[in-house]
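This briefing introduces selected features of one protein model to a first-year reader. Please keep the sequence and the structure in view while reading the points below.

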Amino acid sequence: MPFRYVLIAGLICAAIIFIKRRRYQMRNNRAAGTRAPIRMVRCAFCGVHIANREAVRLPANPDQNRSERYYCSLDHAKQDQLHRD
């Protein structure tokens, strides 16, 4: 008789643990799915990769196919413009 109560209590505990783990996994999957990947661009002067949203953007020369040039800092953008002129 007491063995039956221990068995029932163990099954209830196992069910609770299973449900909590499942909820935790589902919550993490939803959170991971909502983040957009960060696009990386290369500095046209030094070649360092930087996040697109943090890069300095300047229009490219009209004879090039690219519409913009990306730089890691304003200093590198100025230096590159001086070297190109």
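The model is predicted. In helix 2, the residues Lys78 and Leu82 are exposed and sit on the face turned away from the buried side of that helix. The points that follow begin with this helix and then turn to a buried loop residue, a nonpolar surface patch and the cysteines.

**Helix 2 and its two faces**

- Helix 2 spans residues 74-84, and His76, Ala77 and Asp80 are buried within it.
- These three residues lie on the same side of helix 2, because they cover an arc of only 105° around the axis.
- The buried residues of helix 2 pack against two strands, namely strand 3 (56-59) and strand 4 (68-71).

**Histidine 76**

- Histidine 76 belongs to helix 2.
- Its relative accessibility is 17%, and histidine 76 therefore counts as buried, since buried means under 20% relative accessible area.
- Leaving aside residues up to four places away in sequence, histidine 76 touches Cys43, Phe45, Cys46 and Tyr71.

**Asparagine 52**

- Asparagine 52 is located in the loop between strand 2 (49-51) and strand 3.
- Asparagine 52 is buried, because its relative accessible area is 17%.
- When residues up to four places away in sequence are not counted, asparagine 52 touches Arg39, Met40, Val41, Arg57 and Tyr70.

**A nonpolar patch on the surface**

- Phe3, Leu7 and Leu11 make a nonpolar surface patch of about 350 Å².
- One of these residues, leucine 7, lies in helix 1, which comprises residues 2-34.
- Leucine 7 has a relative accessibility of 45% and so counts as partly exposed; the partly exposed class lies between the limit for buried, under 20%, and the limit for exposed, over 50%.

**Cysteines and disulfides**

- How many disulfides are there? The count comes to zero, where a disulfide is a pair of cysteine sulfur atoms within 2.5 Å.
- For cysteine 72, the closest cysteine sulfur is that of cysteine 43, and no bond is assigned because the distance of 3.8 Å is too far.
- Cysteine 72 has a relative accessible area of 25% and is therefore partly exposed.
- Cysteine 13 also counts as partly exposed, because its relative accessibility is 46%.

Conventions. Residues are numbered from 1 along each chain as its sequence is written. This is a predicted model: local features need pLDDT of at least 70, side-chain atom pairs count only at pLDDT 80 or more; totals for chains, interfaces and linings use all residues. Side-chain values use heavy atoms; hydrogens and water are left out. Patches are made of residues with over 30% relative accessible area and no salt bridge: like charges are joined within 9 Å, nonpolar side chains (Val, Leu, Ile, Met, Phe, Trp, Tyr) within 5 Å. Accessible areas come from the Shrake-Rupley method with a 1.4 Å probe; for residues, only the protein chains shown count as cover. A salt bridge is a side-chain nitrogen of Lys or Arg within 4 Å of a carboxyl oxygen of Asp or Glu. Helices (H or I, at least four residues) and strands (E, at least two) are DSSP runs, numbered from the N terminus. Buried means under 20% relative accessible area, exposed over 50%, partly exposed in between (1.4 Å probe, protein chains only). The arc is that of the directions from the helix axis to the C-beta atoms. Contact means heavy atoms within 4.5 Å.
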